[in-house]
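Me: I want to see how the labels on this model are earned. Please set each value against its cut-off.

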Amino acid sequence: MRIIHTSDWHFGKSLEGNSRLEEQRQFADFFVEKCREIKPDLVIIAGDIYDTPNPPALAEKLFYDTIKKISSNGECMSLIIAGNHDNPERLVAAWPLATEHGIVMLGSPRAVAQTGQYGNHQIRAAGEGYIEIDINGERAVILAVSYPSEKRLNEIIYKDTAEEEERLLTYGEKIKEIFKNLENNFRPDTINITTSHLFAFGAEEAGSERSISLGGNFIVPTAYLPQSAQYTALGHIHKPQVLPETKGKMIYSGSPIHYNKSEPKTSKKIFEINVRPGEEAHISSHEIPVFKPIEIWKADSIDHALDLCVEKQKEESWVYLEIKTDRYLRDDEIKRIKALKADILEIKPVIEAVQREMELEKISEMTFLDQFREFYKSQKNTQAPDEIIAALVSILEEDEDEAN
């Protein structure tokens, strides 16, 4: 079975109030073409389809148009779970129309898919948090847990009776309990996959996520996720990455475009998984083009900033502009800069006098020894050797003894 894993599309998300819909449309076109090239049996979208619970109509239309094209008249099956940004009820509202295209939508951890025909494929069995599917003569069991908020977890764990010790379980232990029960659905003769939208231990954030970790309380150890899954498709973290100590089989696909100025150094990817029952999954990735980069320009003066805007005015990019200056910019200078280069998101003057004053204040609060270390590093571009520091300490101690 060939599977494509993606997540965190965040359709409708803006940048400093500027729409990213055109870039999202370009990604959607790229993704559809890549699916036509790869010809996956199944596409998994692991949550955060939209950026808000009430997405703009154009964002919803873009999503529905995209998954309809991916399905190719029911030839490819799609599994979509809700993330922490999605409204579960709104996401699955199109369920009656989606089934004929082979699209499965699960809005909450307790959601139960209807069995039956989905496009050219079939859901043979289903329960809370899992489905068993037939695709092109191959059978897979997928544990699919949409974003598990604390409230939704409690509804699952305590839905019947709750012992006192159960109520003392941490968030991670509740996740462990859910997957422990769900894992019983895996079989040796099926392809066994897990997908969820959560924050797993060891993941490195990209900076544009709305954190659900809350000081570590909602970080889930990878040992609590199903170890017998041949592949675990995760969503929520925007940096594509393989989780450490998971034998390369627990992966965040990341967001498809850069959503924050801290992200541009990160390559965006989709993941392709080829897997058979009882065998290790073969995993590869495909890089997503940058449709409109986010750049940070650093100018040494106002004139330099104007020159940069002239030089790069035809380039498609979002720009954060930092300008070294000894004064604040006048309104006419800001207007000239913005007239020369569209899509400047921020103009930040770096006032040298203010910066120097802050540096001096910082230095005045240092010990003499720390001041010496900083001075040595500024002159030699390296740390002061231990023997020099030791000699300086000895001199200072002698001076102190003589003073006493």
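The questions below go from the whole chain to single strands and residues.

Reply: This is a predicted model: local features need pLDDT of at least 70, side-chain atom pairs count only at pLDDT 80 or more, and totals for chains, interfaces and linings use all residues. Residues are numbered from 1 along each chain as its sequence is written, and side-chain values use heavy atoms, with hydrogens and water left out.

Me: How many helices and strands does the chain have, and what makes a run count as one?

Reply: There are 12 helices and 21 strands. Helices are DSSP runs of H or I with at least four residues, strands are runs of E with at least two, and both are numbered from the N terminus.

Me: Why is Thr-325 called buried or exposed?

Reply: Buried means under 20% relative accessible area, exposed over 50%, partly exposed in between (1.4 Å probe, protein chains only). Thr-325 has 6%, so it is buried. Across the chain, buried residues make up 48% of the 404 residues.

Me: What does the side chain of Thr-325 reach?

Reply: One of its polar atoms lies 3.0 Å from the backbone oxygen of Arg-327. A polar contact is a pair of N or O atoms within 3.5 Å; within protein, one must be able to donate a hydrogen and the other to accept it, and residues adjacent in sequence count only if both atoms are side-chain atoms.

Me: Which strand holds Thr-325, and what stands opposite?

Reply: Thr-325 is found in β20, residues 318–325. Ile-351 in β21 stands opposite Thr-325.

Me: How do you know that β20 and β21 pair?

Reply: Two strands pair if DSSP finds at least two bridges between them. Seven bridges join β20 to β21, so they pair, and they run parallel.

Me: What makes the sheet with β20 open at its edges?

Reply: Three strands form this open sheet, in the order β19-β20-β21, with parallel pairing. β19 (294–299) and β21 (344–351) each have a single partner strand, so one side of each lacks a neighbour in the sheet. Neighbouring strands are turned by 15° against each other on average, direction ignored.

Me: Which helix lies across this sheet, and at what angle to β19?

Reply: Helix α8 (residues 302–311) lies across β19, β20 and β21, and runs at about 140° to β19. Axes are lines fitted to C-alpha atoms, for helices over the stretch in contact (heavy atoms within 4.5 Å). Angles run from 0 to 180 degrees between N-to-C directions.

Me: Why is strand β9 called largely enclosed?

Reply: Six of the six residues of β9 (residues 130–135) are buried, so the rest of the structure largely encloses this strand. Both faces are covered: Tyr-130, Glu-132 and Asp-134 are buried on one side, Ile-131, Ile-133 and Ile-135 on the other.

Me: What joins β9 to β8 and β10?

Reply: Five bridges join β8 (residues 121–127) to β9, antiparallel. Ala-126 has Ile-131 as its bridge partner. Six bridges pair β9 with β10 (residues 138–145), also antiparallel. There, Ile-133 stands opposite Ala-140.

Me: Which turn residues have a positive phi in these hairpins?

Reply: Gly-129, at about 85°, is in the turn between β8 and β9. Asn-136, at about 50°, is in the turn between β9 and β10. Each hairpin has two residues between its strands.

Me: How do you know that the span of helix α1 agrees with its length?

Reply: The expected span is 1.5 Å times one less than the number of residues. With 18 residues (21–38), α1 should span 26 Å; its end C-alpha atoms are 25 Å apart, so the values agree. Lys-39 follows α1 and has a positive phi, near 55°.
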